[in-house]
Amino acid sequence: MHTHAADSHDLIRVHGARENNLKDVSIEIPKRRLTVFTGVSGSGKSSLVFDTVAAESQRLINETYSAFVQGFMPTLARPEVDVLDGLTTAIIVDQSRLGADPRSTVGTVTDANAMLRILFSRLAAPHVGPPGAYSFNVASVSASGGLTVDRGTERTRTEKVTFSRTGGMCVRCEGRGTVSDIDLTQLYDDAKSLNEGALTIPGYTMDGWYGRIYRGCGFFSPDKPIRDFTKKELHALLYQEPTKIKVEGINLTYEGLIPKISKSMLAKDVDSLQPHIRAFVLRATTTGTCPDCDGTRLSPAVRASKIEGVSIADACAMEIRDLAEWVRALAEPSVAPLLTALQHSLDSFTEIGLGYLSLDRPSGTLSGGEAQRVKMIRHLGSSLTDVTYVFDEPTVGLHPHDIRRMNDLLLRLRDKGNTVLVVEHKPETIAIADHVVDLGPGAGTGGGTVCFEGTVEGLRASGTLTGRHLDDRAAVKESVREPTGALRIRGAATHNLKDVDVDIPLGVLCVVTGVAGSGKSSLVHGSIRSDEGVVRVDQSPIRGSRRSNPATYTGLLDPIRKAFAKANGVKPALFSANSEGACPNCNGAGVVYTDLGMMAGVSTTCEECEGRRYDASVLVHRLGGRDIAEVLAMPVAEALEFFGAGEARTPAAHRILTRLSEVGLGYLTLGQPLTTLSGGERQRLKLAVHMAEKGGVYLLDEPTTGLHLADVAQLLALLDRLVDSGRSVVVVEHHQAVMAHADWIIDLGPGAGHDGGRIVFEGTPAELIAARSTLTGEHLAAYVGA
């Protein structure tokens, strides 16, 4: 039997990959198989899978479009690699969190809302209008006026035009579902006058610009206590619309306090503000459900328009698995294709284990794992074959019980004739691989080579770091610590919690477990107040441009700059590549970027500073025999010694470096751009920053995300050190090694969504294993081999 030439291409060949820390990697990936990439965090897995294979595949597809279309698409540079053969179309499902825009919900991110809106505009009674009329993002507008139409020289005439559009947005909250009220007592002290410093808003002092404006505006006297203002004067201080005024001969715009701070502080994402402004915003605003629409974001007309007694607001508030049943019961031949598509989309949610979500759930409240599974929904029923699916740790945020379903899903995608590439640390998923590529041996500069290629059995026997740790099982601790106190939570009812009363023990390592959607985050983040002494480390991404690096993010650069400045008798600003010390040619970026329109732009290393980012005159100044560029090129471990003793001894820098090395980031260089860090590295960087805060209670959200089996042990040692130093640590976690290591476990369940939200177990890990009364108990017992 002669084989056809077309059937011989069953490998994706990669030769000489050099992205990020990869050292000339060459591998062959079998097509139509499930390949898992393993290795410690930072060993180069994502660089190989995402930045090389997937990026090139995406770039080649984009090049098939016309130049006009390419102008609207993200431009991708060709990855650093010699040969890439046998690529197929790549579909990337990564872990980036969904946008936390207040208007974005699960329904708007998937196409479920769009389909529901069409359904209601066709079938609901009373009829409101076209699909847009059922959307909470569309405002109702109407306008009328004269429109001048030019038709040659003589025939110009004005026509009267009216225009109106019906939208479904609730007028009061503008489709956000919540309204913010400003607490005026937090803005000023009404017993004082402005000159006595009545304003308590950060940055609004009477010596600065604001002082000049408020003193010289003439709407009120700066010497009169605010409580004595007339109604008109108070209105001018708080609500005045922007008004042109002249102060000391300068033309300025005066605006009342509330519109001014609404624009400058309240409209921004709270997490992106500076700490003192964030504290002020949290203090001064109270957010409540909008009383007009009851949090549904929709206008009264839309809420009154129903299909069989159900409005679109009710439909979006149902759990998706219940909504799917309701849609299945609608038999309406006129919209049959729409019902089939909608049903398919909703069933995919249930299949992937997200049936407990509702379509009106804000997308910013989903965990990383949930966000990733929401993105997968599009691809589940697709009839495309011979596609490469690329997953980034699809098991993040999944209980061992749910991992089995995820595995079935990956195998189903493969069995349809697709190549599935998965970056993963969990042994349960590595076990189902047809082919394994293990990268390492270390992380950062110590990684980037292939340690092993072959089957899972081969990996076990190979003696690589991953192979050795694959069958690691943590034992339950002999003795557990005694709590020193308790955080009392009474009547917690956030999301799906059912009036939960629980005491979270303090002074111990307490782990909160339960299947995805059982209410763990609602309990930990929703019910524990952010008082003094509560430090939260969640999974929200680190914000940082390619100019930010671990040194700038952790505040390490400040003491280093001061030490350099002091040793050389110059000012600290010289040692910042974003300030005076920047190389004039590349403005301190280290690269010169050339934009080529719709082609991928080219960045070339700056010729003058050779990528060092500093002006040559700055590099003359040394500290301990090294210049600032050499210091930023050091890994944390080396810098720890450098700043620990001798001429360069800097205790402030040494303290921050110690924390970085404790969370297992000893291999990162101080100047590595934040944009090149992996997900696990970013979270540990954040943990290192938060460890400095004077907190008594640490709330961690799945700190093992993106951690290799070998690194989990190091993380547990770190958590132990935190507890032994007198702190309380509460961890939301699915990793069985962390559960086994806990002093106390609180298990939520028994299921997800409305089947969850109750405490099903409280006690020590040993008691949980002995009782085997919950899903978590059974999986933990199997894990420790009890």
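Two strands count as paired here if DSSP finds at least two bridges between them. With that in mind, welcome to a set of close-up views of a predicted model.

**View 1. Strand 24 and strand 25 run side by side in the parallel sense.** Strand 24 covers residues 697-701, strand 25 covers residues 728-732, and five bridges link the two. To find your place along this pair, look for L699, which stands opposite V730 of strand 25. Helix 25, made of residues 709-724, lies across both strands and also across strand 20 (509-513). Compared with strand 25, helix 25 runs at about 145 degrees.

**View 2. Strand 24 and strand 25 sit within an open sheet of six strands.** Reading across, the strand order is 21-24-25-20-26-27, and the pairing is mixed. The edges are held by strand 21 (534-537) and strand 27 (758-763); each has a single partner strand, so one side of each has no neighbour in the sheet. From one strand to the next, the twist averages 15 degrees. As a reminder for this view, strands of a sheet pair through backbone hydrogen bonds, either parallel or antiparallel.

**View 3. Q683 is a residue of helix 24, which spans residues 679-690.** Is Q683 buried or exposed? Its relative accessible area is 10%, so Q683 is buried, given that buried means under 20%. Setting aside neighbours within four places in sequence, Q683 touches V537, D538 and Q539, as well as D701, E702, P703 and T705. One of these contacts, V537, belongs to strand 21, an edge strand of the sheet in View 2.

**View 4. Another open sheet has six strands in the order 5-14-15-3-16-17.** Its pairing is mixed. Strand 5 (90-93) and strand 17 (449-454) are the edge strands, and each of them pairs on one side only. On average, neighbouring strands of this sheet are turned by 15 degrees against each other, with direction ignored. Helix 13 packs on the sheet, where strand 5 and strand 14 (388-392) are touched by the helix. The directions of helix 13 and strand 5 make about 150 degrees with each other.

**View 5. Strand 3 is mostly covered, with five of its five residues buried.** On one side these residues are L34, V36 and T38, while T35 and F37 are on the other, and both faces are covered. Which strands flank strand 3? In the strand order, strand 15 and strand 16 stand on either side of strand 3. Strand 3 (residues 34-38) pairs with strand 16 (residues 435-440) in the parallel sense over four bridges. Along that pair, V36 stands opposite V436, and the bridge partner of T38 is D438. Strand 15 also runs parallel to strand 3, again with four bridges; here L34 stands opposite V420. Helix 14 (residues 400-415) lies across strand 3, strand 14 and strand 15 (419-423), and makes an angle of about 150 degrees with strand 15.

**View 6. Helix 12 packs with helix 13 at an angle of about 130 degrees.** Helix 12 covers residues 336-351 and helix 13 residues 368-380, and their axes lie 9 Å apart. The angle makes helix 12 oblique to helix 13. Helix 12 passes helix 13 in a right-handed crossing. Where does the contact come from? Helix 12 supplies S345, S348, F349 and E351, and helix 13 supplies V374, I377 and L380. Sorted by class, the contact has four nonpolar, two polar and one charged residues.

**View 7. Helix 7 and helix 8 pack at an angle of about 125 degrees.** Their axes are 11 Å apart, with helix 7 made of residues 257-266 and helix 8 of residues 275-284. This angle makes helix 7 oblique to helix 8, and the crossing of helix 7 and helix 8 is left-handed. At the contact, I261, M265 and L266 in helix 7 meet I277, F280 and V281 in helix 8. By class, this contact of helix 7 with helix 8 has six nonpolar residues, no polar and no charged ones.

Notes. Residues are numbered from 1 along each chain as its sequence is written. This is a predicted model: local features need pLDDT of at least 70, side-chain atom pairs count only at pLDDT 80 or more; totals for chains, interfaces and linings use all residues. Side-chain values use heavy atoms; hydrogens and water are left out. Axes are lines fitted to C-alpha atoms, for helices over the stretch in contact, and angles run from 0 to 180 degrees between N-to-C directions. Angles under 35 degrees count as roughly parallel, over 145 as roughly antiparallel, 65 to 115 as roughly perpendicular and the rest as oblique. A crossing is left-handed if the near helix is turned anticlockwise from the far one by less than a right angle, and right-handed if clockwise. Contact means heavy atoms within 4.5 Å. Ala, Val, Leu, Ile, Met, Phe, Trp, Tyr, Cys and Pro count as nonpolar, Asp, Glu, Lys and Arg as charged, and the others, Gly among them, as polar. Buried means under 20% relative accessible area, exposed over 50%, partly exposed in between (1.4 Å probe, protein chains only).
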